[in-house]
Amino acid sequence: MVLLFMSDSDDPKVWAEALRAFEPDLQVRVWPDVGVAEEIEFALVWLPPPGMLAGLPGLKLIQSLGAGIDHIFSDPDLPRDVPVARLVDDELTRQMVEYVTLAVLSRHRRIDRYRRLQAERRWRPSRSVPLSASRVGVLGLGVIGAAVATALAGLGLAVAGWSRAPKQIDRVENFAGAERLDAFLARSDILVCLLPLTPETEGVLNARTLGALPEGAYVINVGRGGHVVEADLIAAIDGGHLSGAWLDVFRSEPLPSDHPFWSHPCVTVTPHVAALTEPASAAAQVIENIRRARRGREPLHRVDLSAGY
Ligand code: NAP
Ligand code: GLV
């Protein structure tokens with residue numbers, strides 16, 4: 001028996017249909033209609049409430065309905081003996097490549113400046129610099145970060161990436177480990193955060209690290225809101241060290257209506273939409289994991305609890 005838990009903006013019926021395209025007889029319940037809790041074997045979740053999974057004693061698999069699993073690992077009562085799997089999905093990666101390319105090119109062509117000039121009805125053309133003069137740094141070179149870095153390098157930008165272990169990616173300079181972070185930041189005019197949120201990466205973008213970026217640098221955060229110390233980011237922009245930020249994720253979502261990001265002239269806000277899971281694309285992988293779990297096999301993309309991602 002499958003239990004679906006997802007955010008209000010997602011429709012569980014669409015997920016149930018996408019799964020039944022592979023297994024027409026699949027039995028699916030939608031939270032809060034759990035029925036007999038002991039019957040639930042597979043929990044397919046996005047942002048489950050803390051304690052929910054601990055109340056399902058028959059669980060064989062916890063499947064994240066997104067790439068990240070911080071929304072599951074943050075539960076202090078998470079049953080630690082049940083495998084947790086995340087999605088690795090081409091459509092999710094494609095959307096992120098599209099979104100980050102948009103943000104990077106908007107910054108490169110100074111669209112924010114032209115928006116401000118438009119509001120003042122001022123015609124002030126300026127020449128753009130060559131793409132190769134824009135140094136982009138991608139924090140996190142995993143499935144999504146590596147694809148983003150490769151796509152940006154393919155456009156001709158000067159791209160580097162930061163990871164825990166050394167990585168070899170064509171046309172992407174690699175900086176690995178905490179000891180290489182400052183050198184990586186010092187050469188990143190446009191910084192893209194695509195890290196998972198873990199105890200090690202929480203608050204990684206703070207007064208010190210933002211200060212290590214070059215004068216006038218720009219920050220794009222599509223990882224998680226917890227990566228940014230928001231007051232430090234605003235101070236770095238208002239103090240003139242950073243030229244602005246493009247943010248898709250926030251410490252508190254939805255972003256509270258009185259949050260200073262909403263009205264800041266140098267900040268672009270989108271409501272956590274950089275890459276959204278498409279059930280039609282991801283269902284095959286979820287079904288495969290359900291079948292593996294039934295046979296007692298390892299799921300695809302099982303997450304290492306000790307690494308936290
Ligand atoms: P992934 O494959 O797990 O890759 C994570 C990357 O981060 C790896 O390169 C890893 O290094 C690096 N990393 C982790 N901890 C590190 C540390 N302490 N120091 C340096 N590097 C570290 O993850 P993914 O599939 O690319 O997804 C990344 C994140 O994107 C997700 O966790 C999620 O938060 C976010 N996301 C956001 C959206 C959105 O709509 N905004 C959509 C999808 C995903 P190694 O390679 O050395 O292991
Ligand atoms: C979205 O944020 C995801 O982790 O898939």
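# Close-up views of a predicted model

A search of the whole structure turns up 2 cavities of 30 Å³ or more. The structure shown here is a predicted model, and the legends below take you through its cavities, one of its pockets, two helix pairs and a few unusual spots in the backbone.

**Figure 1. The largest cavity has a volume of about 60 Å³.** Which residues line the largest cavity? Going along the chain, they are Ala103, Ser106, Arg107, Ile111, Asp112, Arg115, Tyr218, Trp246 and Thr268. Two elements, H3 and helix H4 (111–119), each give two or more residues to this lining. Sorted by class, the lining of the largest cavity holds 4 nonpolar, 2 polar and 3 charged residues.

**Figure 2. The second largest cavity holds about 30 Å³ of space.** Around the second largest cavity you'll find Ala67, Arg86, Leu87, Val88, Asp89, Leu92, Thr93, Val143 and Ile144. Which helices supply at least two residues each to the lining of the second largest cavity? Those are H3 and H5. The class count for the lining of the second largest cavity comes to 6 nonpolar, 1 polar and 2 charged residues.

**Figure 3. H3 and H5 pack against each other at an angle of about 45°.** Helix H3 covers residues 90–108 and helix H5 covers residues 143–155, and their axes are 9 Å apart. The two helices are therefore oblique to each other. As for handedness, the crossing of H3 and H5 is right-handed. On the H3 side, the residues to look for are Thr93, Met96, Val97, Val100, Thr101, Val104 and Leu105. They meet Val143, Ile144, Ala147, Val148, Ala151, Leu152 and Leu155 of H5. What kinds of residue make up the contact of H3 with H5? There are 12 nonpolar and 2 polar residues, with no charged ones. Thr93 of H3 and both Val143 and Ile144 of H5 take part in this contact, and these three names also appear in the lining of the second largest cavity.

**Figure 4. The second largest pocket has about 290 Å³ of space.** A set of 16 residues lines the second largest pocket, and the ones closest to its centre are Arg107, His108, Arg109, Arg110 and Val129. By class, the lining of the second largest pocket divides into 5 nonpolar, 5 polar and 6 charged residues. You may recognise Arg107 from Figure 1, since Arg107 is also listed in the lining of the largest cavity.

**Figure 5. H1 and H9 pack at an angle of about 55°.** Here helix H1 (residues 12–20) meets helix H9 (residues 279–294), with their axes 8 Å apart. That angle makes H1 oblique to H9. The crossing of H1 and H9 is right-handed. H1 brings Val14, Trp15, Ala18 and Leu19 to the contact, while H9 brings Pro279, Ala280, Ala282, Ala283, Val286 and Ile287. How many nonpolar residues does the contact of H1 with H9 have? The count is 10 nonpolar residues, and there are no polar and no charged ones.

**Figure 6. Two cis peptide bonds lead into prolines: one at proline 32 and one at proline 254.** Most peptide bonds are trans, so these spots deserve a look. In one of them, a cis bond joins tryptophan 31 to proline 32, with omega at about 10°. To find proline 32, follow the loop between strand S2 (28–30) and strand S3 (42–45). The other cis bond runs from glutamate 253 to proline 254, and its omega is near -5°. Proline 254 sits in the loop between strand S11 (242–247) and strand S12 (267–269).

**Figure 7. Two histidines have a positive phi: histidine 272 and histidine 301.** Most residues other than glycine have a negative phi. Histidine 272 is not a glycine, yet its phi is near 50°. Where is histidine 272 found? Look in the loop between S12 and H9. Histidine 301 isn't a glycine either, and its phi is positive at about 55°. Histidine 301 is part of the segment after H9.

Key
Residues numbered from 1 in each chain as written. Chains lettered and ligands numbered in written order. Predicted model: local features only at pLDDT ≥ 70, side-chain atom pairs only at ≥ 80, totals over all residues. Heavy atoms only, no water. Axes fitted to C-alpha atoms, helices over the stretch in contact; angles between N-to-C directions. Helix = DSSP H or I, 4+ residues; strand = E, 2+ residues; numbered from the N terminus. Parallel < 35°, antiparallel > 145°, perpendicular 65-115°, else oblique. Left-handed = near helix turned anticlockwise from the far one by under 90°. Contact = heavy atoms within 4.5 Å. Nonpolar A, V, L, I, M, F, W, Y, C, P; charged D, E, K, R; others polar. 1 Å grid on protein atoms, 1.4 Å probe; cavity = no way out; pocket = protein on both sides within 12 Å on 5 of 7 lines; lining within 4 Å. Points joined across faces, edges and corners; volume = space filled by probe spheres on them.
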